[in-house]
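Me: Please go through this structure with me in questions and answers.

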Amino acid sequence: MRTAIRSGAELARFLDLPQLPNPHRGGAEADFPVFVPRGFAEKMEPGNPHDPLLRQVWPDVAETASVQGFTDDPVGDLAATLRPGVLQKYHGRALLVVSPACAIHCRYCFRRHFPYHEGPKGLTAWEEALTAIRADMTIGEVILSGGDPLTVVDPMLRELVERIAAIPHVRRLRVHTRLPIVIPARVTGDLIHWLTGTRLQGVMVVHANHPLEVDAEVLQALGKVRAAGVPVMNQSVLLRGVNDDAETLIELSERLIDGGVLPYYLHQLDQVRGAAHFEVDRATGRQLIETMRARLPGYGVPRYVEEIAGDVGKRVL
């Protein structure tokens, strides 16, 4: 992460793309900085301004447009906050916003405007959130999210997980992360140790949108997680110019399945301010799913869903 690319201009130089328009550091980048690991950038095609991986991280001037319906909190995170750092949207589950940091800044991120500065800092500060989970006997699963929880060092994550495991009614630990996709070397022995070292059943949900993201190194890293007895699933976001065609989505599912990773969700874009240029209409999304159903086994077709603030679960489209 220390060597990551941190500006649109640097990314354009790295990919030999002088023809790209000015990245508007005073607009899109000022609102949401560029952050791209070099290993992820190396998967992009030099000289191709339409590369699907580049499109996910490029600070387009379209982000500065005001579009009706696109807001700072599109999925109701603020209303679902029980205590600083802990959200509860659905019955039986609580989500901890473990870190404000990510290993990559995806331009469509639904939490790009989230008030991370209000969250707990350090293990001691998490006690209030853990107290809220202890008080609710219906919570059987705790989700580590962010940002990306794997930007936190393993010793701190180990202690946090041990504290969660000490809550008798919690049975499962789910980790939502993009880090094994963009920096697969993050899957270390220490990570496996805290993920499997308590009585909690671990589950890992990763985030890849395009088959070029799922190379041999990524699958090897995820294989270590699977070999430790932790199910691994993938969720994607339907993005215009990235994966809004059936062949791309089918290839993504096939690479995941062949690597033992279950295609879990295909999300309709959350309407976050700055991401309207990524939106694909729902009719197109439904047709893509129908084409996937005709070409893939049932377990290879992700559920096409939308998150609506206040709903009791993801809405299947």
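**Strand E4 and an aromatic pair**

Me: How many bridges join E4 to strand E5 (residues 172-176)?
Reply: This is a predicted model, in which local features need pLDDT of at least 70, side-chain atom pairs count only at pLDDT 80 or more, and totals for chains, interfaces and linings use all residues. Residues are numbered from 1 along each chain as its sequence is written, and side-chain values use heavy atoms, leaving out hydrogens and water. E4 and E5 run parallel (strands are DSSP runs of E, at least two residues, and helices runs of H or I, at least four, numbered from the N terminus; two strands pair if DSSP finds at least two bridges between them), and the bridges joining them number four.

Me: Which residue of E5 is the bridge partner of valine 142?
Reply: Between E4 and E5 the chain passes through helix H6 (residues 154-165). The bridge partner of valine 142 in E5 is leucine 173.

Me: Is strand E4 (residues 141-146) largely enclosed or not enclosed by the rest of the structure?
Reply: Its faces are both covered, with Glu141, Ile143 and Ser145 on one side and Val142, Leu144 and Gly146 on the other. Six of the six residues are buried (under 20% relative accessible area), so E4 is largely enclosed.

Me: What kind of pair do the rings of tyrosine 108 and phenylalanine 278 form?
Reply: Both residues are buried. Rings of Phe, Tyr and Trp (its six-membered ring) pair with centres within 6.5 Å; planes under 30 degrees apart count as stacked, over 60 as edge-to-face and the rest as tilted. Here the centres are 5.9 Å apart and the planes at 85°, so the pair is edge-to-face.

How values were computed:
Buried < 20%, exposed > 50% of the residue type's maximum accessible area, 1.4 Å probe, protein only. Right-handed = clockwise from strand over helix to strand, strands pointing away.
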